[in-house]
Amino acid sequence: MKPLFILLLIFLSSLSIRVYAQITGQISGTVTMVDGRPLASGSVSLIELSKTTLTDEHGHYAFNDIAPGTYTVKIQVLGAAEKDLQVKVTAGQTSTADYQFPKENVTALQEVTVSGNKNRFSKKESVYIARLPLKNLENPQVYNSVSKELIQEQMAVDLGSISKNVPGAGIPMIANQGRVTFRSRGFETEPNARNGVAGAAFASIDPANLERVEAIKGPSATLFGTSVSSSYGGLYNRVTKKPYNGFGGEVAYFGGSWNFNRITWDVNTPVNADKTALFRLNGATSFEKSFQDLGFTNSVSLAPSFSYQITDRLSLLLDVEFGQAKGTSVVRFNPFTGYKTPTTLSIADMGFPYKKTFLSNDLVYSTQMLNIFAQLNYKISEKWTSQTIISRARSTINGYITALNGKAATTISPQVIVGNTSFIATDLQQNFIGDFKIGNHRNRVVGGLDYYNNSNSFDRVTVNLPAVDFINVPSTYRVSRFKIDSLTSKGTLRKENNGDDTYAAYISDVFNITDRLLVMGSIRVDRYQYHGVYNITTGVTAGGLGAGGIQAGPYGQTAISHKSGLVYELFKDQLSVFGNYMNGFFNKSGVAADGGHFKPEHANQLEFGVKSDVLDHRLVGTVSYYDIRVANVLRPDPNDPNNYSVQDGTQLSRGVEVDLTANPFPGLNIVAGYAYNNSKFTKADPSVNGLRPALSGPANTYNLWISYRLPAGDLKGLGMGFGANAGSSSYQTNTVTTKIVIPSYTLLDASIFYDQPKYRIGFKVDNLTSEKAWSVRLTPQAPARFIGSMSLKF
């Protein structure tokens, strides 16, 4: 009897569902942009029923089980006018309400999925560069963009591999905690911006969560400040993957040389029936031994993100990065430089062993990183948007950090830092973004307030060991954890806290004089308050160090930076000429002979060039010339160099950059770049005056990636790629008495892959010829590295 009752319930339920479906209807449609491409994550509302949903990757949306009647479908997207569509619903039928935007929407362009064979790697549009809906051809600033499509094709498993596609980046410098630093226009630049705001990470950053990497060139303090580690050469912005409306994902395995094992995952799903709440989880875990005699890294990262379309005007994005790593320090070799007569040496000829670390695998560091990013967007009106951002970044480092310091021509003294270091940064921003007309002249404006707090703590000891001959190393030589721990009581203690606050206000306007002629004007006022260094051991608060180690007290500095630019489109949306004049600054501490404090150091850049996007996006490129002049540089006081500083130093950096992506015919894609940089101190300490700064990287660098995939046929998706990166010689040390030369290099890569809708198989070789190369810290680079991968898509 009971089974019959259950069957009756099932029959009645299915009957009621069919009857209900016959007395209700459905509304569906597709939203596309002006060029016909689908608009993803667009807000679509049914006004009468207060229902909201989001378009999926194909621009499709749907409302089910709607009672017959007439309804209003409202399409609401940032950066565009809202649109109301009248729809009549009939029982048992589907009513269609499609919409195509009549104008280009740059805010939405960055979310477009790249598909097909047409210039897969030329995705340049971004709202982060100018913090405005501004196309690349309209932007007077130069930037390079490395998309996830290129990252995937090159099987790039670390940030250093990704930077191969950025002109002028050079060989990445890996610090002892796994964090990576690049060169940009002769200056050191770190990837410490995340989604356009501060996202500092003093640890390794896994690329599994990256949608793309944007290399923004030139002093960028006006819109970004100095809190995101922008340098005079520019800054690197990490754009993270965002949730989308749909279920899907990918799981991949990578295996290769030196016991390299890596698993990545990417899972996305809606979490409510209306599909207004979306969740995505990216993550990775990796293990690899060093190609040298000792050394390893082991890491795991998790990157959950959540988006919620709260109303048709209000949306929330919550984005988290968590990373944990354990490993040994890479080799950092600081050669002996105390020669009395002019001496020039090449690291290639010094006899320093390429595959030896001199330390041991029990001298391990561990890092933990947690970055939290929340953004609230509210569409105030058709012309104005409010953007509220909270970013919190924390990095901690525990364990052993190492370096090898030269004591004579062929001897080194290992140095080990033992203990804990913590960095915490908080960034709060409120921006108002407008797009409106005054008369017939379009204005795109962003105005904002920015508060940044930085807090650091150190509890560590520096231990220096006896010197050893690095050419004739005793077979029993080993620096162990036990040996280091036994010497910490005699080491140099650093037990302190320091911190600072920055308060800033900025405004930027892009004004259309005509449809083709645009002018940009931006200004920032920045108040920096340094709280000094609190010595936990002595209980004394002091400030920055002067030239002779004299402490300067806490201080405050006010800086004003500017950015201006001019763009003229010779051919609308195809070819433009541009020029910019930009400023950057850094707050400086120290002691002057008269006891006064110093002004912020600053740099001005003058740049002009050409941008193109022609042949239906098949040829996209930038050619530019820049001139950067740094002033207010601190240098030792000639009258008392051991105790005081003067602020009259200057530095020059000028050069040419070329960035090109091309798709000459279906299936063939080319990414190429060239950077020339001429840097020198123009007024500095006599030991370096007139010379190229050490650590500024090669004067000439080249990058190339060529790939071809079959666009049709039974083997559609089968492809291969070839890459090359080259750089001229550079300096680790460059003074009038000592020059440590890093030789030129040419690194070749190759890959083969088979990419299908449900899976992907790839094989890659980095540094095909096992070329010996070094970073600016004289870290040896790996010889030929083989990696195979397989990913499953769903």
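**Exercise 1. Lay out the open sheet that contains S23, S41 and S40.**

Step 1. Write the order. The open sheet has three strands, S23-S41-S40, and its pairing is mixed. A strand is a DSSP run of E, at least two residues, numbered from the N terminus. Two strands pair if DSSP finds at least two bridges between them.

Step 2. Mark the edges. Strand S23 (343–346) and strand S40 (730–734) each pair on one side only.

Step 3. Add the turn. Neighbouring strands here are turned by 20 degrees against each other on average, direction ignored. Axes are lines fitted to C-alpha atoms.

Step 4. Know your source. This is a predicted model: local features need pLDDT of at least 70, side-chain atom pairs count only at pLDDT 80 or more, and totals for chains, interfaces and linings use all residues. Residues are numbered from 1 along each chain as its sequence is written, and side-chain values use heavy atoms, with hydrogens and water left out.

**Exercise 2. Describe how S23 meets S41.**

Step 1. Count the bridges. Four join S23 to strand S41 (residues 738–742).

Step 2. Give the direction. The two strands run parallel.

Step 3. Find a partner. Ser 346 is bridged to Val 741 in S41.

**Exercise 3. Find the partners and the cover of strand S16.**

Step 1. Take S13 (residues 193–194). Two bridges join S13 to S16, in parallel. Ala 193 has Asn 237 as its partner.

Step 2. Take S15 (residues 210–217). Seven bridges join S15 to S16, antiparallel. Ile 216 has Leu 235 as its partner.

Step 3. Check burial (under 20% relative accessible area, 1.4 Å probe, protein chains only). In S16 (residues 234–240), seven of seven residues are buried.

Step 4. Split the faces. Gly 234, Tyr 236, Arg 238 and Thr 240 are buried on one side, and Leu 235, Asn 237 and Val 239 on the other.

Technical notes. Axes fitted to C-alpha atoms, helices over the stretch in contact; angles between N-to-C directions. Buried < 20%, exposed > 50% of the residue type's maximum accessible area, 1.4 Å probe, protein only.
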